[in-house]
Each structure stands twice: as C-alpha cells, then as structure tokens.
Amino acid sequence: MLCNCQKEKQNQTADSPDLSILDEVLDEYRDQAGSLVTVLQKAQDLYGYLPLTVLRHIAEEMNIKPAQVYGVATFYTQFRLTPVGKHVILLCQGTACHVNGSERIETALCQELKIKPGETTPDKLFTLTNVACLGCCSLAPVMMINGQAYGPLTPDQAVRIIKDLYAREQQASEGGENA
Ligand code: FES
C-alpha cells in the first residue's frame with residue numbers, strides 16, 4: 001500500500017501511470033482464475049483510482065477481454081475510475097442519517113468546499129462522496145474521512161472538521177517548504 005504522497009505522485013502522472021508498480025500483483029494473480037476483482041482492488045490501492053491505461057494493461061496481462069475488465073470495474077461501487085482527493089469524505093445518506101439531517105450536512109459541506117457530491121476540490125485535497133449506510137447509524141448523521149467516523153454531526157461541526165483538516169494540510173505544506 002502506498003502512502004498518500006506516493007499516491008499523489010501517481011495521480012500527477014495520471015496520463016501515463018507507472019505500470020511497473022503493478023508487476024508484483026500481476027505476477028501473483030495472473031494465473032489465478034477469478035482473481036480480477038482482487039487485482040483491481042490492489043491496483044486501486046496503488047494508483048488511488050483505476051486509470052484506463054491500467055485497466056487495459058490488466059486486461060492484456062491477464063488475457064481477459066478489455067470489455068470484461070471495464071465491466072467489472074464499473075459494476076462495483078468500490079472502484080473509482082477518476083482521481084480522488086487526498087481526503088475522501090464519505091457522507092452517509094442512509095435512512096437514519098437522512099432523517100437526522102444529512103442533507104443539511106451536505107449543503108454545508110458543498111458550500112464550504114465549493115464542490116458538489118462526486119467532485120474533488122481543485123487543490124485535490126477533498127473529494128465529497130455520498131454513500132449508503134456506513135454501518136454506524138447510532139452516530140447519525142455521520143460522515144467518514146480517512147476511515148474515521150464523525151457524528152452525530154451538525155452542519156457547523158462538519159465544516160469545522162474540514163477546516164481543521166485543511167489547516168493541518170497548510171501547516172504540513174509550510175513545514176515542508178521551511179524544511
Ligand atoms: S444510515 Fe448513516 S450510518 Fe447507517
């Protein structure tokens with residue numbers, strides 16, 4: 001699994017991703033029947049998403065028709081075909097969250113980030129994604145960022161969490177510049 005800065009590097013070269021980093025995965029699974037989903041999961045871990053070039057490469061290497069690889073990659077919601085931000089905000093729109101005001105959280109986040117659900121901020125720091133039940137309904141309304149669940153949220157709290165993360169990113173980049 002790559003760290004975030006390595007993923008960023010991969011994203012920066014999205015038009016020509018380094019296919020060699022997938023060699024180890026392909027060597028392990030190339031001849032295993034039914035391993036396409038696993039290979040796609042591992043490729044997504046490496047690149048942060050599944051660029052078309054990578055899907056074509058997987059099809060070629062695993063001797064599977066490209067249409068079949070695209071079909072699987074587009075069928076499962078776990079797979080992303082476009083780059084995402086460093087922090088993916090999963091905003092729950094399940095029933096419990098919906099009745100507890102997830103729409104107001106969504107409106108506040110969209111206003112703060114100036115994007116719509118499914119979009120990524122121009123600085124590539126945040127992607128906002130609406131999802132079904134996250135499995136922690138007692139926290140409704142809830143959002144999850146980098147594996148951590150936040151809830152029950154008010155719109156102000158949701159915005160504060162984003163601002164704090166943004167401030168940490170600013171500090172980290174200033175620290176990096178001064179190093
Ligand atoms: S409905 Fe949102 S966590 Fe279950």
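This passage walks through the overall build of a predicted model and then turns to its aromatic pairs.

The chain has 179 residues, and 37% of them count as buried. Its secondary structure comes to 8 helices and 4 strands. Read from the N terminus on, the order is α-α-α-α-α-β-α-α-β-β-β-α, so to speak a run of helices before the strands start to show up. As for contacts between residues at least 6 apart in sequence, 62% of these link residues at least 24 apart. On the outside, about 10400 Å² of the chain is exposed, with carbon and sulfur atoms supplying 50% of that area.

Now for the aromatic rings. Searching the whole structure turns up 2 aromatic pairs. One of them joins F75 and Y76: the ring centres sit 5.0 Å apart and the planes meet at 90 degrees, which is over 60 degrees and therefore makes the pair edge-to-face. The other brings Y76 together with F79, again edge-to-face, at 6.2 Å centre to centre and with 85 degrees between the planes. Taken together, F75, Y76 and F79 make up one aromatic cluster.

How do these residues stand with respect to the surface? F75 has a relative accessibility of 63%, so it counts as exposed. Y76, which takes part in the pair with F75 and in the pair with F79, is partly exposed, its relative accessible area being 35%. F79, on the other hand, is buried, because its relative accessible area of 7% falls under the 20% cut-off. The cluster of F75, Y76 and F79 thus takes in an exposed residue, a partly exposed one and a buried one.

Terms used
Residues numbered from 1 in each chain as written. Predicted model: local features only at pLDDT ≥ 70, side-chain atom pairs only at ≥ 80, totals over all residues. Heavy atoms only, no water. Phe/Tyr/Trp six-rings, centres within 6.5 Å; stacked < 30°, edge-to-face > 60°. Buried < 20%, exposed > 50% of the residue type's maximum accessible area, 1.4 Å probe, protein only. Helix = DSSP H or I, 4+ residues; strand = E, 2+ residues; numbered from the N terminus. Contact = heavy atoms within 4.5 Å. Areas by Shrake-Rupley, 256 points an atom, 1.4 Å probe, with all protein chains shown as cover.
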